[in-house]
Amino acid sequence: MSAVAESGRSRGSDAGGSGRFEELAAYPDHSAELAALVGQDLGLPNLSPLSPHAVNEPMIRHWVEAMGDQNPVYVSDVAAREAGYDRLIAPPTMLQAWIMRGLRASMTLEEARAAGTAQGSGPNDVMMGLLDDEGLTSVVATNCEQHYGRPLVVGDRLVVRSVIESISDPKRTALGTGRFITNRMDYVAVPDADVPAGVPVSPEQVQALFDAGEPVATQRFRILKYLPPDRPLARPPRPRPAITHDNAFWFEGARAHELLIQRCTSCGTLRHPPLPACANCGSLEWDTVEASGRGTLYSYVVVHYPQVAAFEYPLPIGLVELEEGTRVVANLGGAEPDQFVIGMELRAEFVDHGEDLSLPVFVPAGSTSASGEGS
Ligand SMILES: [Zn+2]
């Protein structure tokens with residue numbers, strides 16, 4: 001039996017013990033320091049613990065318009081009363097909008113992060129620093145749960161306390177080994193009139209308002225801090241085309257490394273991409289001819305963005321005029337992207353993308369094989 005394997009697998013949940021995952025062995029184990037942070041105030045770098053404004057109709061109206069939410073209880077007292085409320089209510093999912101500091105504060109924070117000066121000494125910064133030190137430098141948000149106690153109404157002023165609710169032991173996930181961190185935000189409401197107006201509100205006053213407030217909502221926000229893979233992830237398979245009754249023949253031909261062109265059997269007109277009827281005579285009858293694969297570059301683009309993980313970039317894509325007369329869109333290969341010139345002579349090769357998909361790639365007529373590029 002293998003003690004090493006057993007300790008790594010079966011005792012993986014024991015983050016602080018001797019059974020740490022082997023991929024974390026090169027890093028320190030801060031389990032004890034992290035456990036001490038659970039329950040502490042998180043601090044909200046981009047959120048305000050006291051909502052800058054009371055719940056108000058203009059913000060609600062902007063929000064529901066931006067979201068396309070047409071429920072009348074958010075904009076009409078009459079509709080709200082018909083639905084059983086005293087007056088119009090704020091959309092529950094707008095919860096976090098009330099405590100956002102705004103665009104300028106967010107941009108300032110982003111700039112500080114980019115400059116590496118955003119780290120402070122609060123519990124959240126300490127926690128993130130410890131996790132980074134454990135090698136868990138990547139982060140992804142995994143889920144957000146909100147529970148609503150009662151609808152927010154105009155005049156509610158929100159006060160929020162956020163705590164580190166839990167920090168999990170290291171887990172193995174599809175992204176990598178890491179810890180799940182759950183932050184909980186408790187929202188209470190106080191009447192706007194209870195908040196000192198026109199003067200800064202001290203942290204002690206905010207705490208007193210929170211203690212006096214009525215609980216209205218809870219939000220849990222969970223992230224995964226994880227060890228980034230030390231090798232690039234395998235390139236995902238090329239997306240599969242949508243095969244239809246009309247185009248199936250073309251992809252079947254490609255799998256046999258044949259470049260097929262649809263031909264109207266009534267008038268002989270060639271057509272591509274595949275269509276059920278002839279644009280020239282309207283006939284539904286057709287067969288195919290196999291193209292020689294020779295053609296010229298009619299037009300092309302070189303795609304840089306947006307990037308899809310299945311492809312290599314820059315990605316040259318050509319509109320190729322086949323010598324038979326039809327045009328076909330396909331990847332270009334066998335040369336650097338800047339070497340393609342409109343009018344240049346090309347020939348088709350086929351690249352297999354697994355057993356179920358082969359596609360033509362057009363290469364300069366005089367080039368050697370481009371097979372295996374997979375682009
Ligand atoms: Zn026809």
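**Exercise 1. What follows α5, and what is the sign of its phi?**

Solution. Gly116 follows α5. Its phi is positive, near 75 degrees. Here helices (H or I, at least four residues) and strands (E, at least two) are DSSP runs, numbered from the N terminus. The model is predicted: local features need pLDDT of at least 70, side-chain atom pairs count only at pLDDT 80 or more, and totals for chains, interfaces and linings use all residues. Residues are numbered from 1 along each chain as its sequence is written, and side-chain values use heavy atoms, with hydrogens and water left out.

**Exercise 2. Compare the expected span of helix α5 with the distance between its end C-alpha atoms.**

Solution. Start with the residues: α5 covers 103-114, which is 12 residues. Next, apply the rule: 1.5 Å times one less than the number of residues. The expected span is 16 Å. The end C-alpha atoms are 16 Å apart, so the two agree.

**Exercise 3. Describe the overall build of the chain.**

Solution. Count the elements: 8 helices and 13 strands. Then take the radius of gyration over C-alpha atoms, with the globule rule at 2.2 Å times the number of residues to the power 0.38. The chain gives 31 Å, while the rule gives 21 Å for 375 residues; the chain is therefore more spread out than a compact globule. Along the principal axes, the C-alpha trace spans about 85 × 70 × 40 Å. Now look at contacts (heavy atoms within 4.5 Å). Of those with a separation of 6 or more, 68% come from residues 24 or more positions apart.

**Exercise 4. What share of the residues is buried, and how much area does the chain expose?**

Solution. Set the cut-offs: buried is under 20% relative accessible area, exposed over 50%, partly exposed in between (1.4 Å probe, protein chains only). Buried residues form 37% of the 375. The exposed area, by the Shrake-Rupley method with a 1.4 Å probe, is about 20,600 Å². Carbon and sulfur atoms supply 54% of that area.

**Exercise 5. Which peptide bonds to Pro273 and Pro314 are cis, and where do these prolines sit?**

Solution. Take His272 and Pro273: their bond is cis, with omega about 0 degrees. Pro273 lies in the loop between β7 (270-271) and β8 (286-290). Move on to Tyr313 and Pro314: this bond is cis too, with omega near -5 degrees. Pro314 lies in the loop between β9 (294-303) and β10 (315-322).

**Exercise 6. Characterise His257 by phi, place and exposure.**

Solution. Phi is positive, about 60 degrees, although His257 is not a glycine. The residue sits in the loop between α8 (248-255) and β6 (260-264). His257 has a relative accessible area of 36%, so it is partly exposed.
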